[in-house]
Amino acid sequence: MLRLLKKPVAVRMRSAASYAVSDLKRALLSWNSPMNGTMAASSDRIMLGPLVGAIDQGTSSTRFLVFNAKTAELLSHHQVEIQQSFPKEGWVEEDPKEILKSVYECMDRTCEKLTQLNIDISNIKAIGVTNQRETTLVWDKETGEPLYNAIVWLDLRTQSTVERLINNTPGRNKNHLKHKTGLPISTYFSAVKLRWLMDNVEEVHKAVVSHTAMFGTVDSWLIWCLTGGKKGGVHVTDVTNASRTMLFNIHTLDWDPDLCNYFGIPMEILPKVRSSSEIYGLMNSGPLTGIPISGCLGDQSAALVGQMCFQEGQAKNTYGTGCFLLRNTGQKPVISDHGLLTTIAYKLGRDQPACYALEGSVAIAGAVVRWLKDNLGIIQSSTELEKLAAGVGTSYGCYFVPAFSGLYAPYWEPSARGIICGLTQFTNKSHLAFAALEAVCFQTREILDAMNQDSGIPLTQLQVDGGMTSNKLLMQLQADILCIPVVKPSMPETTALGAAMAAGAAEGVRVWSLNPEDLTEVTSEKFEPQINPEESEFRYARWKKAVRRSMNWETTEPVNNGNEESSIFSSVPLGFYILGSMFMFIGAKYIAGYK
Ligand SMILES: Nc1ncnc2c1ncn2[C@@H]1O[C@H](COP(=O)(O)OP(=O)(O)OP(=O)(O)O)[C@@H](O)[C@H]1O
Ligand SMILES: [Mg+2]
């Protein structure tokens with residue numbers, strides 16, 4: 001049962017035991033405390049019910065969090081930032097070993113924190129995994145070594161491959177495979193990244209030929225390593241992650257031989273596809289050795305579960321590196337007419353049905369904040385952005401389309417690139433900061449509009465979560481631009497919560513009940529729209545104009561002096577015809593004069 005309250009208050013409906021923890025360790029549970037602040041030791045012995053851990057391996061950071069299975073209360077966590085490398089323009093990579101190391105570090109540190117609190121880590125009964133989706137890895141099953149960096153979902157190196165694939169489909173249809181995959185052909189999904197690795201990395205090619213290659217998204221890599229790696233690790237993924245590869249049939253819930261054939265991917269390198277909630281294997285090392293890993297969901301699916309959107313029609317929007325709006329469509333896959341994806345929402349148990357979602361994916365949300373910090377240096381930390389933007393309270397007519405990785409939903413346009421327009425001599429960095437926040441809100445408005453058109457039933461409020469939602473200005477702007485209330489849970493780590501719920505509810509674990517009447521009540525903060533709809537529409541229309549200007553910037557077609565419409569000579573046959581006519585005319589005059 002999800003009940004939403006107007007004012008943020010402390011988490012309600014706790015058991016007596018968890019009150020004891022809260023009262024003793026309130027500082028520990030505070031979300032405003034520094035990310036990895038140490039906690040005071042206590043001599044009290046705290047009796048708790050079963051606990052469940054969740055690994056949340058995101059694009060920007062890795063976290064390990066431990067929840068009380070009876071109350072959904074967060075007890076402790078640790079977070080480590082992840083380095084991204086940009087070896088060439090449009091390329092985005094991460095180091096698989098650093099990702100793995102960050103997971104071990106987060107688990108170790110969280111266990112230490114629990115021990116300092118006198119919470120016995122043997123109470124942890126299960127571990128769930130949630131992860132950045134689509135990011136593609138290949139490793140060698142004999143050496144256990146990654147054969148290349150992880151190619152991150154945002155990466156654009158496959159743009160020309162994607163253009164070629166689309167050009168070769170009947171009617172140049174980017175939705176050619178949508179009936180099976182729910183996805184357009186795009187640089188975003190794993191299949192094209194895997195194809196690139198096989199074609200361009202000698203080690204990957206050799207390992208495929210010698211049958212030692214293993215492909216996986218981040219969940220597969222982590223579960224394989226954590227359950228023993230080259231010494232018996234299990235090579236699995238779950239349906240939600242599989243549904244983002246373009247190799248998976250969302251109707252049969254299995255790898256599709258025709259899709260594998262289309263991309264030239266040998267099926268033997270793929271992991272086994274399992275449900276999102278079942279025991280995959282046991283932890284093989286570290287303080288949690290022997291604990292089952294029993295939950296696995298892509299991060300956006302996990303957030304849907306963590307927001308308890310189990311009913312058809314319920315939706316949530318997560319603001320992390322990108323921004324992802326998912327609406328539960330129940331047991332039927334709905335194919336979008338408005339540029340949204342159809343994806344698996346979850347399958348909570350081997351014998352449970354799969355539930356589907358419509359998804360609006362925005363590539364750049366929090367990433368624009370990181371860009372303003374790391375590339376422009378106009379802020380020192382993400383939190384500074386709010387102060388900078390709030391100082392002016394307007395973009396002063398400046399619009400920022402952060403199409404760094406092309407545009408995802410609803411356009412699916414890899415040729416788009418980022419633009420900042422409407423600049424005057426008056427524009428300063430505060431206006432730019434404001435425009436960056438507005439860009440996140442406008443992009444959400446575009447996918448919400450598409451979602452409302454596809455489903456025919458407009459959302460009356462938007463449930464939100466993710467790192468960026470700590471920015472209150474952003475939340476207020478979002479409500480203003482959508483013209484509906486925005487509702488944010490007090491405990492923002494819904495992605496990890498969803499993975500913990502799936503792990504705790506698995507057969508053979510069963511410490512977390514997903515019965516609607518047992519689900520913990522959630523408290524939230526609500527942001528009501530404060531500007532009139534006309535103003536909102538005016539700003540949105542300007543945004544759309546800016547989006548149009550960002551399109552068709554980076555294409556494989558030759559550039560024509562920047563004069564797109566007017567050059568008749570850009571059409572080769574027409575150019576020949578006109579030049580030919582001119583020569584004939586001059587020739588005729590010459591012959592006439594000669595006589
Ligand atoms: N106060 C803030 N204002 C604006 N942006 C913020 C703020 N705090 C965090 N962010 C942005 O949110 C992002 C981090 O969000 P989050 O922690 O949810 O991401 P993640 O889980 O590591 O990555 P993923 O996108 O894979 O989920 C960063 O890009 C950061 O710039
Ligand atoms: Mg995340």
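**Entry 1: the edge pair**

I take two strands as paired if DSSP finds at least two bridges between them. This is a predicted model. I began with Leu-341, which stands opposite Glu-359 in strand E18. E18 covers residues 355-362, and its pairing with E17 is antiparallel, over five bridges.

**Entry 2: the seven-stranded sheet**

Next I traced the sheet to which this pair belongs. Its seven strands follow the order E17-E18-E16-E15-E21-E22-E23. The sheet is open and its pairing mixed. Which strands stand at the edges? They are E17 (341-346) and E23 (524-527). Each has a single partner strand, so one side of each lacks a neighbour in the sheet. I also checked the turn between neighbouring strands: it averages 30°, direction ignored.

Then I moved along to E21 and E22. They run parallel and are joined by two bridges. Gln-463 has Val-487 in E22 as its bridge partner. Is Val-487 buried or exposed? Val-487 is buried, and so is Pro-489 on that side of E22. On the other side of the strand, Val-486 and Lys-488 are buried too. Both faces of E22 (residues 486-489) are thus noted as covered.

**Entry 3: helix H14 and Glu-438**

I looked for what lies over the sheet. Helix H14 (residues 429-455) lies across E15 (315-319), E16 (323-330), E18 and E21 (462-465). H14 runs at about 145° to E18.

One acidic residue of this helix caught my eye: Glu-438 lies in H14. Its relative accessibility is 2%, so Glu-438 counts as buried, the cut-off being under 20%. What touches it beyond its neighbours within four places in sequence? I found Ser-395, Leu-477, Ile-481 and Arg-539 in contact with Glu-438. I also took a C-alpha distance to Cys-398, which sits 40 residues away along the chain from Glu-438. The two C-alpha atoms are separated by 10.0 Å.

**Entry 4: cavities**

I searched for enclosed space. How many cavities of 30 Å³ or more are there? The count is two. The largest holds about 90 Å³ of space. It is lined by 14 residues. Closest to its centre are Val-362, Leu-407, Tyr-408, Ala-409 and Gln-443. E18 and H14 each give at least two residues to this lining, and H14 is the helix that lies across E18.

Ala-409 came up again when I checked peptide bonds. The bond from Ala-409 to Pro-410 is cis, with omega near -5°. Pro-410 sits in the loop between E19 (399-401) and E20 (419-421).

**Entry 5: positive phi outside glycine**

I noted two residues here. Met-308 is not a glycine, yet has a positive phi of about 60°. I placed Met-308 in the loop between helix H11 (299-306) and E15. Arg-510 is likewise not a glycine, and has a positive phi of about 50°. Its loop runs between helix H16 (494-504) and E23.

Are they buried or exposed? Met-308 has a relative accessible area of 7% and is buried. Arg-510 has 57% relative accessibility, over the 50% cut-off, so it counts as exposed.

**Entry 6: the six-stranded sheet**

I then turned to another sheet. Six strands make it up, in the order E3-E2-E1-E5-E14-E13. This sheet is open, with mixed pairing. At its edges I found E3 (74-81) and E13 (277-282). Each pairs with a single strand, so one side of each has no neighbour in the sheet. From one strand to the next the twist averages 25°.

Inside the order, I checked E5 (residues 124-131) against E14 (residues 292-298). They run parallel and share five bridges. Asn-131 has Gly-298 in E14 as its bridge partner.

Which strands does H16 lie across? I list E1 (51-57), E2 (61-68), E5, E13 and E14. H16 runs at about 130° to E1. The loop with Arg-510 lies between this helix and E23, and E23 is an edge strand of the seven-stranded sheet.

**Entry 7: the whole chain**

Last, I took the totals. The protein chain has 18 helices and 23 strands. Of its 595 residues, 58% are buried. I also looked at contacts between residues at least 6 apart in sequence: 73% of them join residues at least 24 apart. The chain exposes about 24800 Å². Carbon and sulfur atoms supply 54% of that area.

Terms used:
Residues are numbered from 1 along each chain as its sequence is written. Chains are lettered from A and ligands numbered from 1 in the order in which they are written. This is a predicted model: local features need pLDDT of at least 70, side-chain atom pairs count only at pLDDT 80 or more; totals for chains, interfaces and linings use all residues. Side-chain values use heavy atoms; hydrogens and water are left out. Helices (H or I, at least four residues) and strands (E, at least two) are DSSP runs, numbered from the N terminus. Axes are lines fitted to C-alpha atoms, for helices over the stretch in contact, and angles run from 0 to 180 degrees between N-to-C directions. Contact means heavy atoms within 4.5 Å. Buried means under 20% relative accessible area, exposed over 50%, partly exposed in between (1.4 Å probe, protein chains only). Accessible areas come from the Shrake-Rupley method with a 1.4 Å probe; for residues, only the protein chains shown count as cover. On a 1 Å grid over the protein atoms alone, a cavity is a set of points where a 1.4 Å probe fits but cannot get out, and a pocket is an open set with protein on both sides within 12 Å along at least five of seven lines; lining residues have an atom within 4 Å of a point. Grid points are joined across faces, edges and corners, and a volume is the space filled by probe spheres set on the points.
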